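Visitor: Could you take me through one part of this model closely, and then set it against what surrounds it? I would like a single connected account rather than a list.

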Amino acid sequence: MPFSAEKVNGVMVIDVEGQLIVGNRQELKQKILEELDRGERRFVVDFARTGYIDSSGLGVLVSLSKKVREVGGELRLANLNDDLRTLFELTKLDTLFQIYDSREAALQGL
Amino acid sequence: MDRRFSFPGACDAPWSGPPDLVLDLPNDLASIEEAVNAVLEHCAFCGANRGRVRLKLRVGLWEALANAILYGNQADPAKRVRVEVAVRDSAITARITDQGSGFDPHSLPDPTRPENLLRPEGRGIFLMRKLLDEVFYNDQGNSVTLVVRIQEGNPGRETDFGARA
């Protein structure tokens, strides 16, 4: 599974292993929507082990962020490497998401 | 040259001589990663593994292939996608052609505008245009050509992507 979830200090942390792409984005969407249905509201998506995110992957993050906000929750991103951060900057999605350099930083105050 | 299938609207190649690499791909999303890696490996000798050149090639090829498979060929498993790559005059040029009827690449909204920022789609071609040194379509809109410059002294350099708004 490219997406594994664990609860850390009351926050759902989802690791993206490998890639977040057109071929697997629905799996991440499904996982986070299930957690939302269970009542979870605080999320960190950790990209420490992620090599690539394509435009569909960016799109699913946008869509999830919107859904989480609609129910009063928050979704933060952590550990984007330089290439991935470039994609967020070019698309101005760095203005939409709270992006942190580490999982610990993302968890702080969430 | 591979002539197993025809591409409506195909035009002359934007490089001299035969391409260095030709991939004839099934219309399947699973073929994207393999194709991208094959091109990166093929171009490794000219600095394609260095920093921004690698990112430009990966994003350009990935997005062009996903568009070709899903939108150009409309996910039809009977169709094919062709990738042709040539390294000439300090540039890597890749042409991705599908068997669809094409589209108008000029009619796309800017995904970075505030009213579009929350839309889940529409960032693929935008990223290609922002990152690559040249992106152009044939008249029909079913074939896109990507150019990444690899001049001496430029390959791994940080590029001011913002200058190509």
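Guide: On the face of H1(B) that is turned away from its buried side sit the exposed residues Glu34(B) and Glu41(B). This is a predicted model, and everything that follows should be read as a description of that prediction. The helix in question, H1 of chain B, covers residues 31–42, a run of 12 residues, and it reaches 16 Å from its first C-alpha to its last, close to the 16 Å expected at 1.5 Å a residue. Its buried residues are Ser31(B), Ile32(B), Ala35(B), Val36(B), Val39(B) and Leu40(B). Seen down the axis of H1(B), these buried residues fall within an arc of 160 degrees, so they line one face of the helix. The spacing behind such a pattern is a general one: an α-helix has 3.6 residues a turn, so residues three or four places apart point the same way. As for what the buried residues of H1(B) pack against, the partners in chain B are strand E1 (21–26), helix H2 (51–72) and strand E2 (80–88).

Around this helix, chain B contains three helices and five strands, and along the sequence they follow the pattern β-α-α-β-β-α-β-β. Of the 165 residues in chain B, 51% are buried, while the accessible surface of the chain comes to about 8100 Å², with 49% of that area belonging to carbon and sulfur atoms. Among the contacts in chain B with a separation of 6 or more, 66% are accounted for by residues 24 or more positions apart.

One residue of chain B shows how such contacts look in detail. Thr93(B) lies in strand E3, which spans residues 91–97 of chain B. With a relative accessible area of 9%, Thr93(B) is buried, because the cut-off for that label is under 20%. Not counting residues up to four places away in sequence, Thr93(B) touches Pro14(B) and Trp15(B), then Glu84(B), Val85(B) and Ala86(B), and also Thr145(B), Leu146(B) and Val147(B). The C-alpha atom of Thr93(B) is separated by 9.5 Å from that of Leu57(B), although their positions lie 36 residues apart in the chain numbering.

Chain A can be read in a similar manner. Its secondary structure comes to four helices and seven strands, arranged along the sequence as β-β-β-α-β-β-α-β-α-β-α. Of its 110 residues, 54% count as buried, and its accessible surface comes to about 4800 Å², of which carbon and sulfur atoms hold 39%. Where contacts in chain A join residues at least 6 apart in sequence, 72% of them join residues at least 24 apart.

Within chain A, strand E1 (residues 3–8) and strand E2 (residues 11–16) run antiparallel and are joined by six bridges. Phe3(A) has Val16(A) in E2(A) as its bridge partner. The two strands form a hairpin with two residues between them, and in the turn Asn9(A) has a positive phi of about 50 degrees.

The hairpin strands belong to an open sheet of five strands in chain A, ordered E1-E2-E4-E6-E7, in which the pairing is mixed. E1 and strand E7 (98–100) of chain A stand at the edges, each with a single partner strand, so one side of each is left without a neighbour in the sheet. Neighbouring strands of this sheet are turned by 25 degrees against each other on average, direction ignored. In the E1(A) and E2(A) hairpin, Lys7(A) stands opposite Met12(A) in E2(A). Helix H2 (residues 55–70) of chain A packs on the sheet, where it touches strand E4 (42–46) and strand E6 (74–78) of chain A, and the direction of this helix makes about 145 degrees with that of E6(A).

A last residue to follow in chain A is Leu107(A), which has its place in helix H4 (residues 103–107). At 15% relative accessibility, Leu107(A) counts as buried. Leaving aside neighbours within four places in sequence, Leu107(A) is in contact with Val8(A), Val11(A), Val13(A) and Val44(A). Leu107(A) and Phe43(A) are 64 residues apart in sequence, and their C-alpha atoms are 8.8 Å apart in space.

How values were computed
Residues are numbered from 1 along each chain as its sequence is written. Chains are lettered from A and ligands numbered from 1 in the order in which they are written. This is a predicted model: local features need pLDDT of at least 70, side-chain atom pairs count only at pLDDT 80 or more; totals for chains, interfaces and linings use all residues. Side-chain values use heavy atoms; hydrogens and water are left out. The expected span of a helix is 1.5 Å times one less than its number of residues. Buried means under 20% relative accessible area, exposed over 50%, partly exposed in between (1.4 Å probe, protein chains only). The arc is that of the directions from the helix axis to the C-beta atoms. Contact means heavy atoms within 4.5 Å. Accessible areas come from the Shrake-Rupley method with a 1.4 Å probe; for residues, only the protein chains shown count as cover. Two strands pair if DSSP finds at least two bridges between them. Axes are lines fitted to C-alpha atoms, for helices over the stretch in contact, and angles run from 0 to 180 degrees between N-to-C directions.
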